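Work through the exercises below with the sequence and the structure side by side. Try each task before reading its solution.

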Amino acid sequence: MVINLRIKEEIFGKEVLNASADVIGRVKDVEVNPDTNEMEAFVVSKGGVAESLGFSNNDLIIPIERVKQIGDKILLEDEGGYTII
């Protein structure tokens, strides 16, 4: 998935849902391969009070391969498969 600045801006803040349609967080950042300019993963914030104060360490790294659909929300293919950072 090739990324450009406009697409990146449209993805930030979108809700991410697992396969059960439960919200697991919002897109906080994306990881892009600098050689290919392809998006490799989403950094998803789980939110909460700590996040609003800038102290959250509950971010998730979700590989792009896990994404089933991107629309108003981002839907993942299945449960799990992401890294907590």
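**Exercise 1. The core**

Task: Which residues have the most contacts inside the largest nonpolar core, and which elements give two or more residues to this core?

Solution.
- Step 1. Fix the term: a nonpolar core is a set of buried Ala, Val, Leu, Ile, Met, Phe, Trp, Tyr and Cys residues joined through side-chain atoms within 4.5 Å. Buried means under 20% relative accessible area, exposed over 50%, and partly exposed in between (1.4 Å probe, protein chains only).
- Step 2. The largest such core has 14 residues. Those with the most contacts inside it are Ile-11, Val-16, Val-27, Phe-42, Ile-62 and Ile-74.
- Step 3. E2, E3, E4 and E6 are the elements that give two or more residues to this core.

A note on the model: it is predicted, so local features need pLDDT of at least 70 and side-chain atom pairs count only at pLDDT 80 or more, while totals for chains, interfaces and linings use all residues. Residues are numbered from 1 along each chain as its sequence is written, and side-chain values use heavy atoms, with hydrogens and water left out.

**Exercise 2. The fold in outline**

Task: How many helices and strands does the protein chain have, and in what order do the elements run?

Solution.
- Step 1. Helices (H or I, at least four residues) and strands (E, at least two) are DSSP runs, numbered from the N terminus.
- Step 2. The count gives two helices and seven strands.
- Step 3. Read from the N terminus on, the order is α-β-β-β-α-β-β-β-β.
- Step 4. Add burial: of the 85 residues of the protein chain, 33% count as buried.

**Exercise 3. Salt bridges**

Task: How many salt bridges does a search of the whole structure find? Trace each pair.

Solution.
- Step 1. A salt bridge is a side-chain nitrogen of Lys or Arg within 4 Å of a carboxyl oxygen of Asp or Glu. The search finds three.
- Step 2. Glu-15 pairs with Arg-26, with the closest N and O atoms 3.5 Å apart. This pair links distant parts of the chain: Glu-15 sits in strand E1 (residues 15-17) and Arg-26 in strand E2, eleven residues apart. Arg-26 counts as partly exposed because its relative accessibility is 43%.
- Step 3. Lys-73 also pairs with Glu-15, and here the closest N and O atoms are 2.5 Å apart. Lys-73 lies in the loop between strand E5 (67-70) and strand E6 (74-76) and Glu-15 in strand E1, so this bridge ties together parts that are 58 residues apart in sequence. At 41% relative accessibility, Lys-73 is partly exposed.
- Step 4. Combine these pairs: Glu-15, Arg-26 and Lys-73 are linked in a network of salt bridges.
- Step 5. Asp-59 and Lys-28 meet through their side chains at 2.9 Å, N to O. Asp-59 lies in the loop between helix H2 (49-52) and strand E4 (60-63) and Lys-28 in strand E2, so the pair ties together parts that are 31 residues apart in sequence.

**Exercise 4. Two ends of one bridge**

Task: Is Asp-59 buried or exposed? Then classify Lys-28.

Solution.
- Step 1. Asp-59 has a relative accessible area of 8%, so this residue is buried.
- Step 2. Lys-28 stands at 37% relative accessibility and therefore counts as partly exposed.

**Exercise 5. Positive phi**

Task: Where in the chain does Ala-21 lie, and where does Asn-37 lie? State the phi of each.

Solution.
- Step 1. Ala-21 is in the loop between E1 and E2. Its phi is positive, about 70°, although Ala-21 is not a glycine.
- Step 2. Asn-37 is in the loop between E2 and E3. Asn-37 is not a glycine either, yet has a positive phi of about 60°.
- Step 3. Asn-37 is partly exposed, at 39% relative accessibility.

**Exercise 6. Separation in sequence and in space**

Task: What C-alpha distance separates Val-67 and Phe-42, and what distance separates Ile-64 and Val-30?

Solution.
- Step 1. Val-67 belongs to strand E5 and is buried at 13% relative accessibility. Its C-alpha atom is separated from that of Phe-42 by 9.5 Å, with their positions 25 residues apart along the chain.
- Step 2. Ile-64 lies in the loop between E4 and E5 and is buried at 14%. Ile-64 and Val-30 are 34 residues apart in sequence and 9.6 Å apart in space, C-alpha to C-alpha.
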